[in-house]
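Welcome! Take a moment to look over the chain, and then we will walk through it together, from its domains down to a single turn.

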Amino acid sequence: MSGQDYHAEFDFELRVCQWAERAWPPGGDRENPILVARQLGTKRRRWDTIVFECDPDGLRQRAEFGERALDSDLLDVIPHAPAEWTYYRDALPDPGYPWRYVREAIHRAADRDILDVRKNGGKIEIRRTAVYPDWVERVVAIENKPDLDASAARHLAPQIERDVAMGLADEVWVATAETGERIEPALLENVPVEAGILVVDLAGDAEVAWHPRTLDPSTPGIRILDRPSGGDHDASAARFEYVDRAWKASKRREIAERAYERGWRSYVDSMRPDCRHFELRWEASGPLPFCVAKDRQQTAAECRGSCGEFEPEPPVWRTNDWPIEGGPGGAIKRLLARRRRRQRPGLE
Ligand code: SF4
């Protein structure tokens with residue numbers, strides 16, 4: 001991918017996240033609260049944008065566990081924690097790995113005040129501090145391709161086929177940028193019919209060009225490991241393996257937890273808002289990062305301390321108009337964190 005393409009994809013991805021947070025679901029009324037995240041998934045597959053449709057009460061209850069994600073080890077403990085003091089091995093399902101890792105997770109949970117822990121006659125007993133809710137109802141994966149021509153669609157097709165076969169998400173979409181031209185039938189033919197197609201414009205509005213088919217994450221999925229190239233003489237068979245429901249359920253929960261912590265504004269954590277050239281500019285779709293030195297939007301990949309044009313904020317910025325910690329860079333981070341927290345009702 002060229003630098004120009006990468007720049008366009010990053011910009012587009014943020015706009016899709018802004019649109020989804022404001023207007024999901026496309027063409028309908030929002031019934032459930034949503035969370036939006038980007039660049040999350042499994043070891044093998046990261047989705048560009050993910051929308052979580054949440055149970056309203058569940059989302060509020062989830063806030064009792066704080067802003068930080070529960071990792072997979074904590075998720076093997078917290079949802080099973082009992083209402084009354086119980087020896088931990090009696091309370092928790094066999095994890096399938098050594099119990100000492102479970103004990104480590106129990107102590108980490110106690111340090112975060114999300115689990116009551118005590119010793120009783122040398123035995124570790126646990127008790128929940130709150131009920132961990134099933135807070136995610138639907139997971140929607142969106143692949144962003146601003147320049148979706150027929151060849152890009154052909155390229156993307158195997159990936160989308162894998163997503164559909166796995167069925168980890170309830171819906172899979174491809175989002176593309178509006179060009180003012182009609183979506184060609186040839187393009188539609190190249191994207192698997194199960195995937196929806198969204199056309200997003202620069203102002204952050206979107207229209208549905210093709211509706212997706214709803215997948216069923218509660219059934220076993222198929223992981224396509226290898227597929228024939230499809231040529232006339234290619235007689236090789238596709239290789240695949242089954243993925244069970246339990247794996248899918250736990251992956252969805254892990255991804256949702258990371259999304260709860262990071263959302264989509266965490267891009268700023270890997271950029272340098274403390275550079276004097278870093279700005280947030282209000283576009284029609286919402287605030288987006290902008291580099292004054294480059295006179296364009298910068299990508300997360302180029303906005304680092306090693307950037308040739310990086311210049312730290314002058315110390316005077318931090319003492320004059322910015323009496324509180326961090327100067328403008330710190331203020332930008334706090335603003336984005338506040339906006340993220342607004343989507344997570346119940347967080348203190
Ligand atoms: S000059 Fe470099 S480090 Fe500074 S805002 Fe621009 S891209 Fe980021």
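In this predicted model, the domain assignment divides the chain into three parts, listed here with their residue ranges.

| Domain | Residues |
|---|---|
| domain 1 | 3-55 + 135-264 |
| domain 2 | 66-128 |
| domain 3 | 271-342 |

How do domain 1 and domain 2 meet? Their C-alpha centres are 34 Å apart, and 7 residues of domain 1 make contact with 6 residues of domain 2. On the side of domain 1 that touches domain 2, 5 residues are charged, 1 is polar and 1 is nonpolar.

Now step back to the whole chain. DSSP runs give it 10 helices and 13 strands. Its C-alpha trace spans about 70 × 70 × 40 Å along the principal axes. The radius of gyration is 23 Å, which agrees with a compact globule, because 348 residues packed that way would have a value near 20 Å. Of these 348 residues, 31% are buried. Among contacts between residues at least 6 apart in sequence, 65% link residues at least 24 apart.

Next, zoom in on a hairpin. Strand β4 (residues 115-120) and strand β5 (residues 123-128) run antiparallel and are joined by 6 bridges. One of the pairings puts Asn120 with Lys123 of β5. The hairpin has 2 residues between its strands, and Gly121 has a positive phi near 60°.

Finally, which residues come nearest to the ligand? Of the 13 residues around the ligand, they are Cys275, Cys291, Cys303, Cys307 and Glu309. The shell as a whole holds 7 nonpolar, 2 polar and 4 charged residues.

Terms used: Residues are numbered from 1 along each chain as its sequence is written. This is a predicted model: local features need pLDDT of at least 70, side-chain atom pairs count only at pLDDT 80 or more; totals for chains, interfaces and linings use all residues. Two strands pair if DSSP finds at least two bridges between them. Helices (H or I, at least four residues) and strands (E, at least two) are DSSP runs, numbered from the N terminus. Domain bounds come from an automatic or database domain assignment. Two residues are in contact if their C-beta atoms, placed from the backbone, lie within 7 Å. Ala, Val, Leu, Ile, Met, Phe, Trp, Tyr, Cys and Pro count as nonpolar, Asp, Glu, Lys and Arg as charged, and the others, Gly among them, as polar. A residue is near a molecule or strand if its C-beta atom, placed from the backbone, lies within 6 Å of it. The radius of gyration is taken over C-alpha atoms; the globule rule is 2.2 Å times the number of residues to the power 0.38. A residue is buried if 20 or more other C-beta atoms lie within 10 Å of its own, exposed if 12 or fewer, and partly exposed in between; C-beta atoms are placed from the backbone.
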